[in-house]
Amino acid sequence: MYDLYGNQIGIATDDGHGNKQLTVPNWDCVTSDYVIRVENSNMTSDSGEGSYRIKITETKNRDTSSSNVQHSQEIANADNSEEKNAIKQKYEKTYQSEIDKLHQMQFEALPEDEKYSGTDSVEELLNKMKKGEQLSVSEMAYVKIFANLSDYERAEKSNYIKNDFYAEIEKNSK
């Protein structure tokens, strides 16, 4: 799950019954728009083949002291859009801090063999993808946690064009 800005804010986990469960963080007080990216078993973007079901269940957070509730109350009490924007900016630093903590927690939760220990930055790994290089499992896990969604999808599409699309064109032209 990604926020409006392309930050990964959640990863679905197995609920033990063959389903995946995804929780929207209660600290998200900057946006209420999300993107759910569905991947197939190869960990690539779903091509649209086959079927899946997404069921959304809302549960109420009883913690009324959370920054989300406080933020919502401040927005509701704001008199104009300038004041609302100022309130959003006030919470963005906390929001980014929470995203950073979440990403680190997700990285730490990876199995040891999937934890990236290299020296390339996320940007360098994305550039490798764009050039058609195949990333290792640990590099992909790292990129999926820390990369912005639009940057990741651009790199993924470039990789597909270089590795699959051109090969298919070449094969069909013979």
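Why is α4 largely enclosed by the rest of the structure? Helix α4 is largely enclosed because 7 of its 10 residues are buried, where buried means under 20% relative accessible area, exposed over 50% and partly exposed in between, using a 1.4 Å probe and protein chains only. We'll come back to that helix after a look at the whole chain.

First, some ground rules. This is a predicted model, so local features need pLDDT of at least 70 and side-chain atom pairs count only at pLDDT 80 or more, while totals for chains, interfaces and linings use all residues. Residues are numbered from 1 along each chain as its sequence is written, and side-chain values use heavy atoms, with hydrogens and water left out.

The protein has 5 helices and 4 strands; these are DSSP runs numbered from the N terminus, with helices being H or I of at least four residues and strands E of at least two. Walk along the sequence and you meet them as β-β-β-β-α-α-α-α-α. Of the 174 residues, 29% are buried. The accessible surface comes to about 12,300 Å², with 47% of it belonging to carbon and sulfur atoms; areas come from the Shrake-Rupley method with a 1.4 Å probe, and for residues only the protein chains shown count as cover. As for contacts (heavy atoms within 4.5 Å), take those with a separation of 6 or more: residues 24 or more positions apart account for 58% of them.

Now back to α4, residues 137-146. Its buried residues are Ser138, Glu139, Ala141, Tyr142, Val143, Lys144 and Ile145. What covers them includes β1 (2-3), α2, α3 and α5.

The packing of α4 with α3 can be followed in some detail. Two packed helices are described by the angle between their axes and the distance between the axes. Helix α3 (residues 122-130) meets α4 at an angle of about 115 degrees, and the axes are 10 Å apart. Those axes are lines fitted to C-alpha atoms, for helices over the stretch in contact, with angles running from 0 to 180 degrees between N-to-C directions. The crossing is left-handed, meaning that the near helix is turned anticlockwise from the far one by less than a right angle, whereas clockwise would be right-handed. On the α3 side, the contact is made by Val122, Leu125, Leu126, Lys128 and Met129, and on the α4 side by Glu139, Met140, Tyr142, Val143 and Phe146. Sort these by class and you get 8 nonpolar, no polar and 2 charged residues. For that tally, Ala, Val, Leu, Ile, Met, Phe, Trp, Tyr, Cys and Pro count as nonpolar, Asp, Glu, Lys and Arg as charged, and the others, Gly among them, as polar.

Glu114, found in the loop between α2 and α3, also touches α4's stretch of the chain. Leaving out residues up to four places away in sequence, Glu114 touches Val137, Ser138 and Ala141. Its C-alpha is 6.6 Å from that of Ala141, though the two are 27 residues apart along the chain. Glu114 is partly exposed, at 26% relative accessible area.

On to the salt bridges, of which there are 7, counting a side-chain nitrogen of Lys or Arg within 4 Å of a carboxyl oxygen of Asp or Glu. Have a look at Glu156 and Arg37, whose closest N and O atoms are 2.3 Å apart. This pair links distant parts of the chain: Glu156 sits in helix α5 (residues 149-172) and Arg37 in the loop between β4 (34-35) and α1 (67-77), 119 residues apart. Both Glu156 and Arg37 are buried, and together with Glu153 they are linked in a network of salt bridges.

Other bridges include Glu98 with Lys101, at 3.2 Å from N to O. Both lie in helix α2 (residues 81-109), 3 residues apart, or about one turn of the helix. Then there's Lys115 with Glu112, at 3.0 Å between the closest N and O atoms. Here Lys115 counts as buried at 17% relative accessibility, while Glu112 counts as exposed at 62%.

One more stop on α5: Lys162. This residue is partly exposed, with a relative accessible area of 42%. Setting aside neighbours within four places in sequence, Lys162 is in contact with Lys130, Lys131 and Gly132. Lys162 and Gly132 are 30 residues apart in sequence, yet 5.4 Å apart in space, C-alpha to C-alpha.
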